[in-house]
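Got your viewer open? Let's walk through this one stop at a time, selecting as we go.

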Amino acid sequence: MKNILPILFLVLPIVLTTSCQEKKKTDKRPNERPNVLFIIADDMNGYGLNKQSPLVKSPYLDKFRDESINFINAACNTPVCNPSRTSFLSGLAPHTTGAYVNGSDGWNRSNILWDIQSLPEHFRNQGYYSWGRGKLFHNVIRETKEFRIWNNYPVYKGGFGPFPEKEYWDGSNRFRSIKPWEGPDSDFPDVVNADSAIEFLQQEQQLPFFMVYGLWRPHSPYTAPKRFFDLYNEEDFDLPKGYKEDDLDDVPYLGQMLVDSLNGYRNKE
């Protein structure tokens, strides 16, 4: 198998490639260009990769980090799923696309985003096989647009599940559910998509590929195989250093809503 170039963050310069480079796309034969694996994960923090909590057990992330370049001071244009993905997949800032919140539907409503080449679309137009599965753009893309992006269209995505029974929800919000999962690992779309990615990587490819594997976890709901819950005792965890109960009191309500996504878990028994 050809060498794979893993990309985590940040790849926007590729999106901004100018038309003058179109002439260079045939400079290298297909088998001389590197394959690219782009892994996206939601709601990560520094507890695992940067070892901000010594209690976190993450051997596979540790191995991946040790074999990669880890940008510990990296930042995103906006700390929300849809706007962030819209930004790094288009190369445009939120104030240009109008995508500020998860309800933004810029890829379908904005002429700017409709006409622009997204990152995987750019690779496809350069002769790459564009492969995607999982949580990718976050919102639904028009079929005519998505057909232009992915060679493996229609793309299987999965979803946020599995969700536990309603008694494990916080009120009416099933995303605020926490439960050790005792069903098979295949109940999780991430596992199904990972198996598909492995199958693809084991095949002989005629073209260089740009593979985007989008993980739904560690985004809520907080269901995970029970064996991972069994690794920890919740009594061993202290509040992070510097935590202040009233830290957001002087922040306007809208600002609190944007940054304090875990507010619903406070003072829960």
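In which helix is the place of Leu254? Select Leu254 and you land in helix H11, residues 253–259. Helices here are DSSP runs of H or I with at least four residues, strands are E runs of at least two, and both are numbered from the N terminus.

Before moving on, a word on what you're looking at. This is a predicted model, where local features need pLDDT of at least 70 and side-chain atom pairs count only at pLDDT 80 or more, while totals for chains, interfaces and linings use all residues. Residues are numbered from 1 along each chain as its sequence is written, and side-chain values use heavy atoms, with hydrogens and water left out.

**Stop one: a surface patch**

Stay with Leu254, which counts as exposed at 60% relative accessibility. (Buried means under 20% relative accessible area, exposed over 50%, and partly exposed in between, with a 1.4 Å probe and protein chains only.) Now add Tyr253 and Met257 to the selection: with Leu254 they make a nonpolar surface patch of about 400 Å². A patch like this takes residues with over 30% relative accessible area and no salt bridge, joining nonpolar side chains (Val, Leu, Ile, Met, Phe, Trp, Tyr) within 5 Å and like charges within 9 Å.

**Stop two: helix H9**

Next, select residues 189–201, which are helix H9. Its 13 residues should span 18 Å at 1.5 Å a residue, and the end C-alpha atoms are indeed 18 Å apart. (The expected span is 1.5 Å times one less than the number of residues.) Colour Pro189, Asp190, Asn193, Ser196, Ala197, Phe200 and Leu201, the buried residues of H9. Look down the axis of H9: these buried residues fall within an arc of 135 degrees, so they line one face of the helix. That arc is taken from the directions from the helix axis to the C-beta atoms.

**Stop three: salt bridges**

How many salt bridges does the structure hold? There are eleven, each a side-chain nitrogen of Lys or Arg within 4 Å of a carboxyl oxygen of Asp or Glu.

Pick Arg65 to see two of them. Its side chain meets Asp62 at 3.7 Å, N to O, and Asp66 at 3.2 Å, N to O. Asp62 and Arg65 are three residues apart in helix H2 (residues 59–66), which means they are separated by about one helical turn. Is Asp62 buried or exposed? Asp62 is buried, at 15%, whereas Asp66 is exposed, at 56%.

Then jump to Lys179 and Glu165, in a salt bridge at 2.8 Å, N to O. This pair links distant parts of the chain, 14 residues apart: Lys179 is in strand S4 (178–181), and Glu165 is in the loop between helix H8 (143–149) and S4. Lys179 counts as buried at 15%, and Glu165 as partly exposed at 39%.

**Stop four: aromatic rings**

Finish with the rings, where you'll find 15 aromatic pairs. Rings of Phe, Tyr and Trp (its six-membered ring) pair if their centres lie within 6.5 Å; planes under 30 degrees apart are stacked, over 60 edge-to-face, and the rest tilted.

Select Phe38 and Phe210: the centres are 6.2 Å apart and the planes at 50 degrees, so this pair is tilted. Phe38 sits in strand S2 (residues 35–41) and Phe210 in strand S5 (residues 209–215), 172 residues apart. Phe38 is buried at 2%, and Phe210 is buried at 1%.

Now show Phe200 with Phe209, an edge-to-face pair at 5.3 Å centre to centre and 80 degrees between the planes. Last, add Phe88, Phe123 and Tyr128 to Phe38 and Phe210, and you have a cluster linked by ring pairs.

How values were computed. Accessible areas come from the Shrake-Rupley method with a 1.4 Å probe; for residues, only the protein chains shown count as cover.
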